[in-house]
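Thanks for asking me to look through this structure with you. Here are my notes, point by point, to read with the model open beside you.

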Amino acid sequence: MSANSAEPAPASGLVDVVLVKGGRTKVSYPAELLADDGTRIAVRASWAGGGVRDFGFVRFEPGDVFTEYYWRDRWYSVKEVRDGRGALKGWYCDVTRPATRAGGRLVVEDLDLDLWRSADGRDVRRLDEDEFAESGLSRTDPPAAAAALAALDELEALAREGGFEALLG
């Protein structure tokens with residue numbers, strides 16, 4: 001099947017999630033394929049980082065579980081983050097080019113912009129805007145840069161209005 005068509009989600013299927021940044025693989029990790037309806041792909045994975053990553057506003061650590069949603073027609077992904085006991089920590093969102101899936105690989109290109117929304121909705125923050133500016137995307141690919149900034153605005157509006165539940169439901 002093509003990378004832009006639905007592929008059936010076997011009950012126990014695995015995919016490798018490959019996050020690319022600047023043409024290089026940033027991270028790759030196995031995830032359980034939950035669904036692929038041709039537009040949205042959902043996977044579940046354990047925290048793929050080595051050890052604890054403390055951002056100051058949230059800590060990702062061994063035992064955390066990420067239910068990740070990717071779209072073939074949107075410029076972002078949304079990751080619901082829960083601790084090992086199942087308590088919701090919040091949502092971490094990456095601004096990306098639309099996802100592609102071919103067989104056992106789900107590939108997403110990270111465009112540096114991110115957004116965090118805490119579980120209680122009180123903390124919504126845009127992240128890495130300085131990295132995005134330094135990336136030069138506005139100069140090298142103005143349409144992609146415009147799409148990325150629009151995606152960040154859309155994510156922030158959803159986060160502030162409590163729209164993640166409807167988006168992911």
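1. A salt bridge here is a side-chain nitrogen of Lys or Arg within 4 Å of a carboxyl oxygen of Asp or Glu. With that in hand, look at arginine 59 and glutamate 61: their closest N and O atoms are 3.2 Å apart, so the pair qualifies under the 4 Å limit. Please keep in mind throughout that this is a predicted model.

2. How exposed are the two partners? Arginine 59 has a relative accessibility of 38% and counts as partly exposed. Glutamate 61 is also partly exposed, at 23% relative accessible area. Neither residue stands alone, as Arg59 and Glu61 belong to a network of salt bridges that also links Asp54, Asp64 and Lys89.

3. Across the model, the count of salt bridges comes to 21. One of them joins arginine 101 to aspartate 36, with 2.6 Å between the closest N and O atoms. Arginine 101 sits in strand β9 (residues 100-102) and aspartate 36 in strand β2, so this salt bridge ties together parts that are 65 residues apart in sequence. Are these two charged residues buried or exposed? Both arginine 101 and aspartate 36 are buried.

4. Another salt bridge to find on your screen is lysine 79 with aspartate 94, where the closest N and O atoms are 2.5 Å apart. Lysine 79 belongs to strand β7 (residues 76-82) and aspartate 94 to strand β8, so the pair connects parts 15 residues apart in sequence. Lysine 79 and aspartate 94 are both buried.

5. Now to the aromatic side chains, for which the count is eleven aromatic pairs. Tryptophan 47 and phenylalanine 66 make a stacked pair, 5.8 Å from centre to centre and with 25° between the planes. The angle matters for the label because planes under 30 degrees apart count as stacked. Tryptophan 47 is in the loop between β3 (40-46) and β4 (53-54), while phenylalanine 66 is in strand β6 (residues 65-71), so the two rings tie together parts that are 19 residues apart in sequence. Phenylalanine 66 is buried, at a relative accessible area of 5%.

6. Which residues do the ring pairs link into a cluster? They are Trp47, Phe55, Phe57, Phe60, Phe66, Tyr92 and Trp116. Phenylalanine 55 lies in the loop between β4 and β5 (59-60) and is partly exposed, with a relative accessible area of 24%. Phenylalanine 55 and tryptophan 116 are 61 residues apart along the chain, yet their C-alpha atoms are separated by 11 Å.

7. The largest pocket has a volume of about 590 Å³. It is lined by 25 residues, and those closest to its centre are Lys26, Trp47, Arg53, Phe55 and Tyr92. Trp47, Phe55 and Tyr92 are also members of the aromatic cluster. Strands β1 (14-21), β2 (24-36), β6, β8 (88-96) and β10 (105-118) each give at least two residues to the lining. What is the make-up of this lining by class? It has eleven nonpolar, three polar and eleven charged residues.

8. Helix α3 (residues 142-160) is a simple one to check. Its 19 residues should span 27 Å at 1.5 Å a residue, and the end C-alpha atoms are indeed 27 Å apart, so the two values agree. The buried residues in α3 are Ala144, Ala145, Ala147, Ala148, Ala151, Leu152, Leu155, Glu156, Leu158 and Ala159. Just after the helix, glycine 162 has a positive phi of about 70°.

9. Finally, two backbone angles deserve a look. Most residues other than glycine have a negative phi. Aspartate 112, though not a glycine, has a positive phi of about 80°. This residue lies in strand β10 and counts as buried at 9% relative accessibility. Aspartate 128 is not a glycine either, and its phi is positive at about 65°. Aspartate 128 is in the loop between β11 (124-127) and α1 (129-135), where it is partly exposed with a relative accessible area of 25%.

Note on methods. Residues numbered from 1 in each chain as written. Heavy atoms only, no water. Phe/Tyr/Trp six-rings, centres within 6.5 Å; stacked < 30°, edge-to-face > 60°. Helix = DSSP H or I, 4+ residues; strand = E, 2+ residues; numbered from the N terminus. Buried < 20%, exposed > 50% of the residue type's maximum accessible area, 1.4 Å probe, protein only. Expected span 1.5 Å × (residues − 1). 1 Å grid on protein atoms, 1.4 Å probe; cavity = no way out; pocket = protein on both sides within 12 Å on 5 of 7 lines; lining within 4 Å. Points joined across faces, edges and corners; volume = space filled by probe spheres on them. Nonpolar A, V, L, I, M, F, W, Y, C, P; charged D, E, K, R; others polar.
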